[in-house]
Amino acid sequence: MLRKILLITAFCSLSLGLGAQTKDQLDRVVRDIHKEQPLKHATLSVSVYNVTKDAPVYAYDSQRSMTPASLIKIFTTSVAFNNLGYDFRFKTTLGYSGYIDNEGTLNGNLYIIGGGDPMLGSFRYRQTCPDSLFAAWYNAVKSVGIRKINGRVCYDATIFDNQTLHNTWQWGDVGNYYGCGASGINFHENLFFVYFTPGKKLGYPADVESVAPANIDVRVQSEVTTGPFNSGDQVTIYGDPTAPLRMCRGTVPLGKPHFAVRGAMPNSAKTCARLFSLYLREQKMSVADSPMEVFSRQDSLVTILEYHSNTFYEIAQYTNFTSNNIYAESILKYLGYKSYGKGSYENGSKAILDFFAQQGLEHSGVRIEDGCGLSRSNRVTTDFLTRYLTKVSKMPFYNDFKMSLGQVGVSGTVKNMLPELPSNVTMRMKSGNMDGVCGYAGYCTTASGELLSFAVLCNEYDCTGAQMKSKITRILYEIAKM
């Protein structure tokens, strides 16, 4: 009996010792990385929480308030799972005012009533691309007997405010596809393509070949030149979101004809209405006047069609897998609309902070400015991230939310990370990256079957993003071993 007790005691001591050794090893790696020259002036923060045991595991400067970049999408998507539901769908309404005479002439206007759908006219899916969208709308219009419109296509985007860009977004971001912002009527993910033909030699001018979608109101001025082979898209696009002029500067790679660069589309709501008017005319349905923006719904409006997006589950997964900003901002503003009657950055941020308060989460050091993380005024602590992820793990929508996070080695922006991760360890996480910001946060199921929440975040380092990612990968390996 005594021998059995001694064996049990020795086993427990060994297990505790291994746990201590694992934490000590993690601490050594974190401290060694922070001592490296590129991180001499950087802020590095790490937090690990054992969800299974409901206990903190490790912290390194975890109370430091830092810029999270796209880690902010963790809050945007999870709160929307709670407030909207996994099966929520954005709705765009097509209707008309006036009357249809015996000859099929609508003596009135068609209306597009926006619902903030980020997928409306998306080029990524056959069923949502502009031709499919407009064909569905045209068939719906024709089905109620309209053959001619003695009026115009009106568009109402008032579900959201008219501030598509956040005040703190940078000028170098807002003309590019990832800085386009969300409207009450999004279209084609609020981006356009400009195609370049590179010069025959390095440094030669690259010619603007074409712009897509066709017939959009965009004027491109270019100072783009030809860069080295395989140098990729090094073009920055500048432009006011309400004006058609776009200035392109940078390089496209040598030997890559028809090279596509993505820019922020000006006035997506107007573009949608304008291109739909053109589509109707191409189908021999005349429209008398040009599109017009309206700011209130007509009392006499007759609904023709309620057009729905994919489910929120699919939207959230795409948002987090690809770190898509327009999807995240549309979700944030819709949260604001649902809670406060108007979609705006302020109302969406308040809806997220309301959720923190409802869950009893102390959130000092946290600041929510936008839904995607493009604002450098966002703030978060790794301690809060792990406490928040732990709280979410106890909620009904947890599995849906977790599945929206990329799985290390399998999916999302983390598909190619940690190739040596043991097969009995699973990590799902969100990345957050911009100039001077690199971070990862999510869940790890350990070899022993325990669930951890973790967050690793670094600001203001003096190395490339790829080099910083490699450093954080060393930390993530140690967390996976816990």
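Glutamate 369 is found in the loop between H8 and H9 of this predicted model. Its relative accessible area is 16%, and because the cut-off for buried is under 20%, glutamate 369 counts as buried. The side chain of glutamate 369 makes a polar contact of 3.1 Å with that of histidine 166. Beyond its neighbours within four places in sequence, glutamate 369 is in contact with His166, Tyr345, Ser349, Ser375, Ser377 and Asn378.

Confidence in the chain can be stated before going further. The mean pLDDT is 94, and 96% of the residues reach 70 or more. Residues 1-18 have pLDDT under 50, and over this stretch the model has zero contacts beyond four places in sequence.

From the loop the chain passes to helix H9, where phenylalanine 384 is found. Phenylalanine 384 is buried, with a relative accessible area of 0%. Not counting residues up to four places away in sequence, phenylalanine 384 touches Phe75, Phe356, Leu361, Glu362, His363 and Val366. Aspartate 27 is 357 residues from phenylalanine 384 in sequence, and the two C-alpha atoms are 20 Å apart in space. Tyrosine 388 touches Ile74, Phe75, Ser78, Val79, Phe355, Phe356 and Leu361, again leaving out residues up to four places away in sequence.

Tyr388 leads to the largest nonpolar core, which has 61 residues. The residues with the most contacts inside this core are Ile74, Phe75, Phe356, Tyr388 and Phe401. Two or more residues each come from H2, H6, H7, helix H8 (345-358), helix H9 (382-392), H10, strand S19 (437-445) and strand S20 (451-459). H7 gives the largest share, seven residues. A second, separate core of 44 residues includes Leu94, Ala140, Ala269 and Phe276. In soluble globular proteins, nonpolar side chains tend to be buried together.

Helix H6, one of the elements that contribute to the largest core, spans residues 312-322. Its buried residues are Phe312, Ile315, Ala316, Tyr318, Thr319 and Asn320. An α-helix has 3.6 residues a turn, so residues three or four places apart point the same way. The buried residues of H6 pack against helix H2 (73-83), helix H7 (325-340), helix H10 (398-403) and strand S18 (426-434). After H6 comes serine 323, which has a positive phi near 55 degrees.

The strands come next. Strands of a sheet pair through backbone hydrogen bonds, either parallel or antiparallel. Strand S1 (residues 43-50) is mostly covered, with seven of its eight residues buried. S1 runs antiparallel to S20, to which eight bridges join it, and serine 45 has leucine 457 as its bridge partner in S20. S1 is also joined by five bridges to strand S2 (residues 55-60), again antiparallel. Asparagine 50 stands opposite alanine 55 in S2. The hairpin of S1 and S2 has four residues between the strands, and in it aspartate 54 takes a positive phi near 55 degrees.

Elsewhere, three strands form an open sheet in the order S11-S13-S12, with mixed pairing. Strand S11 (219-227) and strand S12 (234-238) are the edge strands, each pairing on one side only. From one strand to the next the twist averages 10 degrees. S12 and strand S13 (residues 245-253) pair in the antiparallel sense over five bridges, and threonine 236 has arginine 249 as its bridge partner in S13.

How values were computed: Residues numbered from 1 in each chain as written. Predicted model: local features only at pLDDT ≥ 70, side-chain atom pairs only at ≥ 80, totals over all residues. Heavy atoms only, no water. Buried < 20%, exposed > 50% of the residue type's maximum accessible area, 1.4 Å probe, protein only. Contact = heavy atoms within 4.5 Å. pLDDT = per-residue confidence, 0-100. Core = buried A, V, L, I, M, F, W, Y, C linked by side-chain atoms within 4.5 Å. Polar contact = N/O pair within 3.5 Å; in protein donor to acceptor, adjacent residues only side chain to side chain. Pairing = 2+ DSSP bridges. Axes fitted to C-alpha atoms, helices over the stretch in contact; angles between N-to-C directions.
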